[in-house]
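Here are some notes to read alongside the model. Take the points one at a time and find each residue on screen as you go.

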Amino acid sequence: MTTARVLIAGIALSMAGCSGVQSVLSPAGAEAGRIAAFFWVLVGGGGIILAAVIALTGLALGRRRHRWLQSESLVLWGGLAFPTVVLSGLLVFSLPLMRAGAVADRQALRIEVVGERWWWRVVYSGTDGRPVELANELVIPVGRSVEIALRSADVIHSFWVPRLAGKLDMIPGRTNSLRLVADQPGISRGQCAEYCGGAHALMSFHVVALEPAAFEAWLARQAAPAMTPSEPQAEAGRALFIASGCGACHTVRGTGAAGRIGPDLTHLGSRHSLAAATLPNDAPSIARWIRDNQHIKPENLMPPFAIFSAAELDQLAAYLAGLK
Ligand SMILES: [Cu+2]
């Protein structure tokens, strides 16, 4: 009785991991849908074969002798012909999967994503053709194919959004191209899938699929320079940001800050998370990040700033959170 309960609880728990924002088993696009279907074919087929092998083993161990179980032809058909046919079939079925999305689409939205230790630089092309940079978040229009150019700034990373497509490596000196389409609005989570050093496990991101009109509005907002803060708290934060040298590593378009080492912060407040999906995006988390980032995300390439008072941290956080 208890064993059954433990078993049921175990199955329920492990199934709970199969739904949600980062699961291969709840696809939100055609590429991922094909991968999920293939997974179920493998699980179903493997299950049937396993059941058959167990049944045959039972028969062989039983008291009654079955001559056909000892025959050579069973070995030939069951051991040679059957696996050859099944495995060849699976190969034929799976080859198109590996080419999935390989059809170039001239209407495709092009996005460049650069893997950095340990975050994602994301570059769109604005309506005027000028690059629009952000970080750790991709926003894509539902129903339109998206072509993502994957590059790396340092070591090998791997771009993987299980709900949208298979994974593809980001290799220094190369550009790999991943094509996908989201078929419903919503948020998916992605994760670096190739060990890339200390903070690898904390290198995630979000992909937000929006209706096309909402997407265009979003892109227009991202292309605009940062808004100027209106209340004194945030205004003080802006002055502090400039005076403290944050701009050596960060860009905030529309201010003097034009650093290229860390993420572009122009519209930081509009993102779903901080520091590659390590923290929720709100003012208290921004303050914590500035002071304690080495504790929150060990080895990341931003120095911790213990120099600020609590009031100064609040000012900086108010400024950055307000950059919608
Ligand atoms: Cu990694």
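1. Start with Trp118, which sits in the loop between strand 1 and strand 2. In this predicted model, the peptide bond that joins Arg117 and Trp118 is cis, with omega at about 0°. The turn itself is a hairpin, and 2 residues carry the chain from strand 1 to strand 2.

2. Now look at the two strands on either side of that hairpin. Strand 1 covers residues 109-116 and strand 2 covers residues 119-125; they run antiparallel, with 5 bridges between them. Which residue of strand 2 stands opposite Glu116? It is Trp119. Another pair to find is Gly115, whose bridge partner in strand 2 is Trp120. A general point helps here: strands in a sheet pair through backbone hydrogen bonds, in either a parallel or an antiparallel way.

3. Is strand 2 mostly covered or mostly open? It is mostly covered, as 6 of its 7 residues are buried. On its way along the sheet, strand 2 also pairs with strand 3, again in the antiparallel sense and over 5 bridges. One of the pairs to look for is Ser125 with Pro131, its bridge partner in strand 3. The hairpin of strand 2 and strand 3 has 5 residues between the strands, and there Gly129 takes a positive phi near 85°.

4. Next, step back to see the sheet as a whole. It is an open sheet of 5 strands, in the order 3-2-1-5-8, and its pairing is mixed. Strand 3 (131-135) and strand 8 (176-180) each have a single partner strand, so they stand at the edges and one side of each has no neighbour in the sheet. From one strand to the next, the twist averages 25°. As you trace a strand, remember that side chains in a regular strand alternate between the two faces of the sheet.

5. Leu109 lies in strand 1. With a relative accessible area of 8%, Leu109 is buried, because the cut-off for that word is under 20%. Which residues is Leu109 in contact with, leaving aside its neighbours within four places in sequence? They are Tyr124, Pro141, Arg144, Ser145, Val146, Glu147 and Phe215. Compare this with Thr84: Leu109 and Thr84 are 25 residues apart along the chain, and their C-alpha atoms are separated by 42 Å.

6. Two residues deserve a check of their backbone angles. Asn136 is in the loop between strand 3 and strand 4 (137-141), and its phi is near 60°, a positive value in a residue other than glycine. Asn136 counts as buried, at 5% relative accessibility. Ala276 is in the loop between strand 11 (273-274) and strand 12 (279-280). Ala276 is not a glycine either, yet it has a positive phi of about 60°. At 0% relative accessibility, Ala276 counts as buried too.

7. The copper ion is worth a close look. Which protein atoms are its donors? They are Cys192 (SG), Glu194 (O), Cys196 (SG) and His200 (ND1), at 2.0 to 2.6 Å from the ion. Along the chain, these donors follow the spacing C-x1-E-x1-C-x3-H. Why is the arrangement called tetrahedral? The 4 donor atoms subtend angles of 85 to 130° around the copper ion, which makes it so. Two of the donor residues can be checked for burial: Cys192 is buried, with a relative accessible area of 2%, and His200 is buried, with 14%.

8. Ser188 lies in strand 9 (residues 186-192). This serine is buried, with a relative accessible area of 3%. Leaving aside neighbours within four places in sequence, the contacts of Ser188 include Val21, Ala28, Phe205 and His206.

9. Finish with helix 7 (residues 310-321). Its 12 residues reach 16 Å from the first C-alpha to the last, close to the 16 Å expected at 1.5 Å a residue. Which residues of helix 7 are buried? They are Leu313, Leu316, Ala317, Tyr319, Leu320 and Ala321. What covers these buried residues includes helix 5 (232-243) and helix 6 (283-296). In general, an α-helix has 3.6 residues a turn, so residues three or four places apart point the same way.

Conventions:
Residues are numbered from 1 along each chain as its sequence is written. This is a predicted model: local features need pLDDT of at least 70, side-chain atom pairs count only at pLDDT 80 or more; totals for chains, interfaces and linings use all residues. Side-chain values use heavy atoms; hydrogens and water are left out. Two strands pair if DSSP finds at least two bridges between them. Helices (H or I, at least four residues) and strands (E, at least two) are DSSP runs, numbered from the N terminus. Axes are lines fitted to C-alpha atoms, for helices over the stretch in contact, and angles run from 0 to 180 degrees between N-to-C directions. Buried means under 20% relative accessible area, exposed over 50%, partly exposed in between (1.4 Å probe, protein chains only). Donors are N, O and S atoms within 2.8 Å of the metal (3.2 Å for Na, K and Ca); water is not among the atoms, so sites may look incomplete. Four donors count as tetrahedral if all angles lie between 85 and 135 degrees; four count as square planar and six as octahedral if opposite donors are over 155 degrees apart and all others between 65 and 115; anything else is irregular. The expected span of a helix is 1.5 Å times one less than its number of residues. Contact means heavy atoms within 4.5 Å.
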